[in-house]
Amino acid sequence: MILVIGATGTVGRHVVSELREGGFAVRALARNPDAARLPRGVDVVRGDLSDPPSLDAALRGVDAVFLTWPFLNADGAPPVVDRIRKHTRRVVYLSSEGVRDDRDDQEDPITGFHAAMERLIESSGLEWTFLRPTGFASNDLGWAEQIRTDGVVRQPYASLARPLIHERDIAAVAARVLVEDGHTGRRYVLTGPRALTTREQVDAIAMTIGRPLGFEEIPPAAAREAMLARGWPPEVADGALDAHARMMSRPEPINRVVEEITEVPARAFAEWAEDHADDFR
Ligand SMILES: NC(=O)c1ccc[n+]([C@@H]2O[C@H](COP(=O)([O-])OP(=O)(O)OC[C@H]3O[C@@H](n4cnc5c(N)ncnc54)[C@H](OP(=O)(O)O)[C@@H]3O)[C@@H](O)[C@H]2O)c1
């Protein structure tokens, strides 16, 4: 039995499906099971990471856990990791490519909390594997409203090229790592197959929905305003923009780890756009 924490999220939902399709018994943690919309046969159990005792019912009898940490700091994590360790042996943690192993203080708050989570899990005695994906292609869903309303994407750093990864590839790796031996103590950087500039991403979406789309480069300060208006916490907006600025001079890596683990090449951005075409129409 495998417990997926974050089972209704971008990656976790596909981890659940991958495991079900592979014939494994899956339990899903959800704060609101009635709204979870998970496949038939999945044991959906109520629980909340901010209330550690509420996790016991979901953790009972579980062999491994896929852990998404949905908060912006690791303050509440020690009692959660402690509970996971009491109930099970193995954890696969959804971290980030941005974590730097060569420094104690990370470069932004997001990689800061992922590094703190990794350290906590490493010292817990659990058998762990860390998945460190590059940026998710699904971040581009943030453009959906602009695309639907006026057909123009406004973004800073026009020439920034990123190997965005399809959420299904992260999930496919997670499903393998959760059930196969040989992945303990590994930190897997997971990337898309090719780096695309923002303009190229917009063009791929335009091609998919069959409608021309515009692209306008805006200053980072204007992008920050727009993020805050969409409800982003200031530290997250700043962290994301700083990370993008850094990637201009230090691009994210591109590797074949998805293919090495799943035996299937990582999906192209165009396939992601196809899978999400209705979100942009
Ligand atoms: N976006 C990127 O480019 C990127 C890149 C690298 C790493 N990451 C990391 O990926 C993680 C996010 O993954 P995701 O996008 O798949 O998640 P997501 O779509 O944001 O979904 C969050 C999940 O967490 C659950 N959740 C939220 N609060 C909870 C709570 N108090 N107790 C229990 N469950 C709770 C939600 O469930 P309910 O709301 O249904 O309860 C949902 O299933 C973050 O740690 C992020 O830093 C993201």
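This is a short tour of a predicted model, moving from the whole chain to its core and then to the ligand.

Begin with the protein chain as a whole, shown as a cartoon, where you should find 12 helices and 11 strands. Turning the C-alpha trace along its principal axes gives spans of about 50 × 40 × 35 Å. The radius of gyration of the protein chain is 19 Å, which agrees with the value near 19 Å for a compact globule of 281 residues. Among the contacts with a separation of 6 or more, 75% join residues that lie 24 or more positions apart, and buried residues make up 40% of the 281 residues.

Next, go to the interior. In soluble globular proteins, nonpolar side chains tend to be buried together. The largest nonpolar core here has 69 residues, and the members that touch the most others are Val4, Phe66, Val92, Val173 and Ala174. Helix 6, which covers residues 167–179, gives the most to this core, with 8 residues.

Now select Val4 and display its surroundings. Leaving aside residues up to four places away in sequence, Val4 touches Gly12, Val15, Val16, Val26, Ala28, Leu29 and Phe66; Phe66 is, like Val4, listed among the core residues that touch the most other members.

Finally, select the ligand and the residues around it. Which residues of the surrounding shell are the closest? They are Thr8, Gly9, Val11, Arg31 and Pro70, out of 23 residues that surround the ligand. Colouring this shell by class should show 11 nonpolar, 10 polar and 2 charged residues.

Technical notes
Residues are numbered from 1 along each chain as its sequence is written. This is a predicted model: local features need pLDDT of at least 70, side-chain atom pairs count only at pLDDT 80 or more; totals for chains, interfaces and linings use all residues. A nonpolar core is a set of buried Ala, Val, Leu, Ile, Met, Phe, Trp, Tyr and Cys residues joined through C-beta atoms within 7 Å. A residue is buried if 20 or more other C-beta atoms lie within 10 Å of its own, exposed if 12 or fewer, and partly exposed in between; C-beta atoms are placed from the backbone. Helices (H or I, at least four residues) and strands (E, at least two) are DSSP runs, numbered from the N terminus. Two residues are in contact if their C-beta atoms, placed from the backbone, lie within 7 Å. A residue is near a molecule or strand if its C-beta atom, placed from the backbone, lies within 6 Å of it. Ala, Val, Leu, Ile, Met, Phe, Trp, Tyr, Cys and Pro count as nonpolar, Asp, Glu, Lys and Arg as charged, and the others, Gly among them, as polar. The radius of gyration is taken over C-alpha atoms; the globule rule is 2.2 Å times the number of residues to the power 0.38.
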